[in-house]
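Colleague: I have the viewer open and would like to test the labels you put on things. Could you take me through the reasoning behind a few of them?

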Amino acid sequence: MFGSKKKSLEVERIVKANDREYNERFQYADNRIHTSKYNILTFLPINLFEQFQRVANAYFLFLLILQLIPEISSLTWFTTIVPLVLVITMTAVKDATDDYFRHKSDNQVNNRQSEVLLDSKLQNEKWMNVRAGDIIKLENNQFVAADLLLLSSSEPHGLCYVETAELDGETNLKVRQALSVTSELGADVSRLAKFDGIVDCEAPNNKLDKFTGVLSWKDSKYSLNNEKIILRGCVLRNTSWCFGMVIFAGPDTKLMQNSGKTKFKRTSIDRLMNILVLWIFGFLVCLGIILAIGNSIWEHQVGDQFRTFLFWNEEKKNSVFSGFLTFWSYIIILNTVVPISLYVSVEVIRLGHSYFINWDRKMYYSGNATPAEVRTTTLNEELGQIEYVFSDKTGTLTQNIMTFKKCSINGRIYGEVHADLSQKTEMIKKKEAVTFAVNHADSKFQFFDHNLIESIKLGDPKVHEFLRLLALCHTVMSEENSAGQLIYQVQSPDEGALVTAARNLGFIFKSRTPETITEGQIKLYSKGADTILFERLHPSNEDLLSLTSDHLSEFAGEGLRTLAIAYRDLDDMYFKEWYKMLEDANIATDERDERIAGLYEEIERDLMLLGATAVEDELQEGVIETITNLSLANIKIWVLTGDKQETAINIGYACNMLTDDMNEVFVIAGNTAVEVQEELRKAKENLFGQSRSVSNGHVVCEKKQQLELHSIEEETVTGDYALVINGHSLAYALESDAKNDLLELACMCKTVVCCRVTPLQKAQVVELVKQHRNAVTLAIGDGANDVSMIKSAHIGVGISGQEGLQAVLASDYSFAQFRYLQRLLLVHGRWSYFRMCKFLCYFFYKNFAFTLVHFWFGFFCGFSAQTVYDPWFITLFNIVYTSLPVLAMGVFDQDVSEQSSLDYPHLYEPGQLNLLFNKRKFFICVAHGVYTSLALFFIPYGTFYDVAGEDGQHIADYQSFAVTMATSLVIVVSVQIALDTSYWTVINHIFIWGSIATYFSILFAMHSKGIFGIFPNQFPFVGNARHSLNEKLTWLVVLLTTVASVMPVVAFRFLKVDLYPTLSDQIRRWQKAQKKARPPRSRRPQARRSSSRRSGYAFAHQEGYGELITSGKNMRAKNPPPSSGLEKTLYNSPSWIENLYKKTTDTVNSFSQDKTVKL
């Protein structure tokens, strides 16, 4: 507590080397870390406090307290405390286990050994004893103990190499360099012990890529930046040793500062459940009030007659007060409408779905041995409701494996093979790869234009300058392996491709020295996006600029990634003056960043253009098919990329997101806010028609109304449209007065491509759709520039590709290839949503049926809050008798197979429309439960009202009535879940029929003489089960109740499937007909389904798709060609189902007359 208060006030840090006494004045944190939450003494109070902060747990604790008041409780305390303690204990054990492993991990890390310079000698110290200001020695392959200022190293010029995998997931090496004044200290322990420099730097923060500070030593000041700092979590590589001074320790290190809690995401079903629970509680209060009023009236009119026999004084019993007590009694009895097991069951089901994704071998990528991984287990069902996918391009749709293809040098393109059109055969022969006769050539690199080799041999100065720039202007690290081969460690695949190209062409990058200038000439080399670089060129480049721009457009049109290349010769005096100003800016305390940025702006001007590069990044396998299937599932895909517009458009066509058949592709490229608004207005005119745009386009106050009318507009827009918008135009479009126009236009388009966008703009686009559209969004990317977008979306997916693991670390789900997205959504996501909805529908049904019997009984027991059931039955109903069958259905159920889910993408739409569980479905479940409770109560009550047993004795006692009703209830809900189950496994059979067997076993045990003899007060129903269930009448009542409860549902669903079948019903019926039509010898045994079967009857809880099915808009022919354009015609043509029918007439004809579906 005190530490956090201190740190929040810390605005800067002052640390003195080798002086613990000086540094202790500031009370800086030591290097011990605590990721654990509890210890032995605090576990119980803190964990219980956390658990009872959850509304459900607090609610049941409140009920337990009520049950301990004798005047209002007709239920024994164990009916609530048993399930509550069970849930609390399970959660506590899970929390304790997690915390035990945290303690174990903390102790392991805190007890690591490190060499620390103390009392002028190196001593072994535990990590937890390291303090700010200490000087530490690191050796190769050691973990860095704290955030260090690099002082010296074994490498020349104070360089060292670190791996940052624990920080950002990247395994490529990064270089760090000590100040030249401290690198002279070397490994001399005596000199290092005398080092007394003082570092004045920023306060602890979580910015991994930024550090600002100043070292004061020997009356001089030296600026410090991120390149001088080695962070905790890094590993020293390819460096024999180095020394560093501790700046931040323990919880102040950037690694620990980044370990804060991530934003908790909730699904739409979670939010709906919270609303429904509040409604149910309100309903519970209403029932309590009705019964309390009934009790007051009964006490006033009837209860007075019994007071004499009960020896109650007149003034002691007040009917109003009796009603007040009865209200609380019924609140206790009826609380099982929302049992605590609901929340536990939901988490168990989600965990099961998560394991299915983790175990899916079809989402395992053997290329780098990467399985799919669920990183957030609470979002699975929302995967079945996605409407918008926001995708990065490079590394997500493409492989992010770059190949140098072409370049433009001084106005000439290299990389094209020129030949006469009449000499095609000769051209093919000529297209032979260049043989590179240079040392360290990369055998994988291929280039087909021999003209570039000739230009190099002729000594073309521009070509030499171009290739020299490629070989020097980068962040690549070089090293030689044991075989003497040159290996490049690259942070960017683009840079790797360019440096490798220069290497094969004779300009080999071997190593770098930070302060050495060759040839006696200072040059500024620069490469980057043409939009940025062209603004900084010298006016004399005008002709070359025009020519190079044409070349860039040509490259981008071929889908190649481009960079512009430029340089500048610097005067020696000018550079020295500029460098002095840069050093002054680096050690400045005020406006440091602004001054540095201004100096770089000053030197990066008057550049001389050399040309441009073009590298190829091929599409990943399966991207076209995946995008086609997702589009057929009515999922809109937006591509957000930093590439040039031409490149992005070309990839769009390559992916089939953009097609020549589209009505129009709108390009928004305005350079001012007015231009962007005008372009958006014109696009809307073309899209919606002139009249609508004139009436609505200029009226700002109607924007909200326009947004609310999206569903209507989607119906009226005919044809396929696409939108392409540039980053600079997007900046204006995202302003408040234009973003509604942008959103309205974009949401009407089939495809949206945003190019040249920044990471922040990616997140802004996602937020725009999230805030103004009632739709579930998913963002997918592979790089650090996608992290903000991934965190902004409802669901974030990270691809573990070539750019490290930053996106994966920030994501909810991760896998290796974009093509696995269709399986994640169309199979796992759809199944998760389908299962969760069926689970909730059944769960609310069975608990209303179970609980409302008490309400009806209240009218026949004088509103006395007497329970219908045995208290032990109430305790065990939800946690033993009915928990496992509904869990099995929630985890394993399927309406159609995984292959059908992929073959018919339109099956995904019910999730997007939220059809399977919504407020209407909830009220249907409640009505179903109310009807069942009526049957459960009044059929036994009417039968037992005035009847005698076979032996002539009266059997209409309360205990027999309770046993008959409980038995009926267990059988009815078990039959109901059997009807609801679409996909049978061995587990379903064991759980459903085993639950009934368990009920009878426990029933006979609790009604036995043996347990009554041990606990006579807790088990008063001695012998009742055997007596009641020996009567034939009891079994007839159970049978009648079951039939009366189930038959209306069976009849309703039978007619619904026959008259208004859903798409899944239609597909199952069609597949079943085809299966029957096959000759018996052609049937192949399916070992995979040997222990399970799919029900032949459809019990889906959703609206029928009668008109949709007959129109044929929602079915998909099996295995359509992915890119032929036939699929689009098939789906959009109103007569396609007739074509399908003609093809399958011979097969299905004999079954077309039979519209009955057999159980």
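Colleague: What makes the crossing of α12 and α34 right-handed?

Modeller: This is a predicted model, and in it the crossing of α12 and α34 is right-handed. That label is used if the near helix is turned clockwise from the far one by less than a right angle. The axes of α12 (residues 341-358) and α34 (residues 883-892) cross at roughly 35° and come within 9 Å.

Colleague: Which residues meet there, in α12 and in α34?

Modeller: From α12 they are S345, V348, I349, H353 and F356, and from α34 they are L887, G890, V891 and F892. By class, that contact has six nonpolar, three polar and no charged residues. Gly counts as polar, so G890 of α34 goes with the polar class.

Colleague: Why is D95 called buried?

Modeller: The relative accessible area of D95 is 15%, and buried means under 20%, so the label follows. D95 sits in helix α5 (residues 78-110). Not counting residues up to four places away in sequence, D95 touches Y38 and N47. From D95 to K37 the C-alpha distance is 9.3 Å, with their positions 58 residues apart in sequence.

Colleague: And what makes H157 and A369 partly exposed?

Modeller: Partly exposed runs between the 20% and 50% limits. H157 has 41% relative accessibility and A369 has 48%, so both get that label. H157 is in the loop between β5 (147-153) and β6 (159-163), and its phi is near 65°, a positive value in a residue other than glycine. A369 lies in the loop between α12 and β14, with phi near 55°, also positive in a residue other than glycine.

Colleague: Let's turn to the sheet. Why are β14 and β24 said to stand at the edges?

Modeller: The open sheet has nine strands in the order β14-β29-β28-β27-β15-β23-β26-β25-β24, with mixed pairing. β14 (373-374) and β24 each have a single partner strand, so one side of each is left without a neighbour in the sheet. Helix α23 (residues 673-688) packs on the sheet and touches β24 and β25, its direction making about 165° with that of β24.

Colleague: How do you know that β23 and β26 pair?

Modeller: Pairing needs at least two bridges, and β23 (residues 636-640) and β26 have four, in the parallel sense, so they qualify. I637 stands opposite T751 in β26.

Colleague: What covers the buried residues of α22?

Modeller: The cover includes α18 (542-557), β24 (664-668), β25 (721-726) and β26 (751-755). In α22 (residues 645-654), the buried residues are Q645, T647, A648, I649, I651 and G652. After α22 comes N656, whose phi is positive, near 70°.

Colleague: Last one: which residues touch the most other members in the largest nonpolar core?

Modeller: They are L342, F839, L840, Y869 and F873, out of 94 residues in that core. Helix α32 (residues 820-858) gives the most to this core, with 19 residues. Leaving aside neighbours within four places in sequence, F873 is in contact with F850, Y881, A966, L969, V970 and Y999. Apart from this core lies another, of 48 residues, with A17, W127, A178 and I230 among them. In soluble globular proteins, nonpolar side chains tend to be buried together.

How values were computed:
Residues are numbered from 1 along each chain as its sequence is written. This is a predicted model: local features need pLDDT of at least 70, side-chain atom pairs count only at pLDDT 80 or more; totals for chains, interfaces and linings use all residues. Side-chain values use heavy atoms; hydrogens and water are left out. Buried means under 20% relative accessible area, exposed over 50%, partly exposed in between (1.4 Å probe, protein chains only). Helices (H or I, at least four residues) and strands (E, at least two) are DSSP runs, numbered from the N terminus. Contact means heavy atoms within 4.5 Å. Axes are lines fitted to C-alpha atoms, for helices over the stretch in contact, and angles run from 0 to 180 degrees between N-to-C directions. A nonpolar core is a set of buried Ala, Val, Leu, Ile, Met, Phe, Trp, Tyr and Cys residues joined through side-chain atoms within 4.5 Å.
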